[in-house]
Amino acid sequence: MPEIVKTIKDMRANLVTWRSANETIALVPTMGALHEGHLSLVKAARAIADRTVVSIYINPTQFAPGEDLSRYPRDEAGDLAKLANVGADLVWMPSNEDMYPEGFSTEIKVAGPAEPLEGICRPIHFNGVATVVCKLLSAVSPDTAIFGEKDFQQLTVIRRMVRDLNIPVDIIGAPTVREADGLALSSRNAYLSEDEREIAPALFRAISDVANRVLTVEAAKNALLAAGFTKIDYLEIRDSDTLGPVTTKKKGKSRILAAAWLGKTRLIDNVPA
Ligand code: AMP
């Protein structure tokens, strides 16, 4: 079983022992309700570092009023069983009081890659993400931190923050884990009705068809609406480093990113172009 800690003090006590034995540490930040996508990050962490720390924290500051903070899925017992199974060493479940003590006054705002796409649809989201990830990195001081390509813009924003602030950590991006029908695993898939779940893989199909030059961006949007998606926030081809307009046709240098709604559920996905 992994050690389970709540406070930064208890978490650090474990780290001190490992550090004094010259062991390397990888951090996998999550919001819980863990699935195989999260567990793939933990496995990648175990392959890279001697010790793996998983944080489980539903960060309130990255949700705008009216978003799904109050109904976000929680499954502490299930999460701990899964983490024991994949061999995490330490699970850190911070409290809001520890993360945002009375009088908390600091916010990290990344411009550049945080501005388009999600930055337009969810204007406060990346400020919350950057601030909490900076806090997690500063509390754990890992050698490596692993993030999923599933949230490609988040990964890009974190890379930029770490570079800009000289945070001494290697950021590793891990590939998206999908269901057999292509739907990217996501804690939010639990919100989908049976009918919506059948429609959901159309998102991956549409962006893959754009990547394979089978559909134009406009045709892919129409295909999504025809499949039953109710609203498309964006579906765009972007430079994979800056998330700005594509400047080179070099393979692997661009990314197709999309966010679309199925009723009350917002799904995001992306593929290399
Ligand atoms: P979350 O709990 O949604 O904040 O996600 C925690 C981490 O897991 C983030 O780095 C996500 O990008 C990553 N992640 C979520 N879904 C997947 C997936 N299907 N495949 C790989 N990584 C994922």
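This is a short tour of one sheet, the helices beside it and one leucine, in a model that is predicted.

Begin by selecting strands β7 (231-239), β8 (254-262) and β9 (265-272), which together form an open sheet in the order β7-β8-β9, with antiparallel pairing. Look next at the edges of this sheet, where β7 and β9 stand; each has a single partner strand, so one side of each is left without a neighbour in the sheet. If you ignore direction, neighbouring strands here are turned against each other by 10° on average.

Now keep β8 and β9 in view, since this pair is joined in the antiparallel sense over eight bridges. For a place to zoom in, select Arg 255 and, standing opposite this residue in β9, Pro 272.

Add helix α9 (residues 202-211), which packs on the sheet and touches β7, β8 and β9, while its direction makes about 30° with that of β9. Then add helix α10 (residues 217-227), which lies across β7 and β8 and runs at about 150° to β7.

For the last stop, select Leu 243, which you will find in the loop between β7 and β8. Is Leu 243 buried or exposed? Its relative accessibility is 0%, and because buried means under 20%, Leu 243 counts as buried.

To see what surrounds Leu 243, leave aside its neighbours within four places in sequence and show the residues in contact with it, which are Pro 113, Pro 116, Phe 152, Gln 153, Thr 156, Arg 238 and Leu 257. Finally, select Leu 117, whose C-alpha atom is separated by 8.4 Å from that of Leu 243, although these two residues are 126 residues apart along the chain.

Conventions: Residues are numbered from 1 along each chain as its sequence is written. This is a predicted model: local features need pLDDT of at least 70, side-chain atom pairs count only at pLDDT 80 or more; totals for chains, interfaces and linings use all residues. Side-chain values use heavy atoms; hydrogens and water are left out. Helices (H or I, at least four residues) and strands (E, at least two) are DSSP runs, numbered from the N terminus. Buried means under 20% relative accessible area, exposed over 50%, partly exposed in between (1.4 Å probe, protein chains only). Contact means heavy atoms within 4.5 Å. Two strands pair if DSSP finds at least two bridges between them. Axes are lines fitted to C-alpha atoms, for helices over the stretch in contact, and angles run from 0 to 180 degrees between N-to-C directions.
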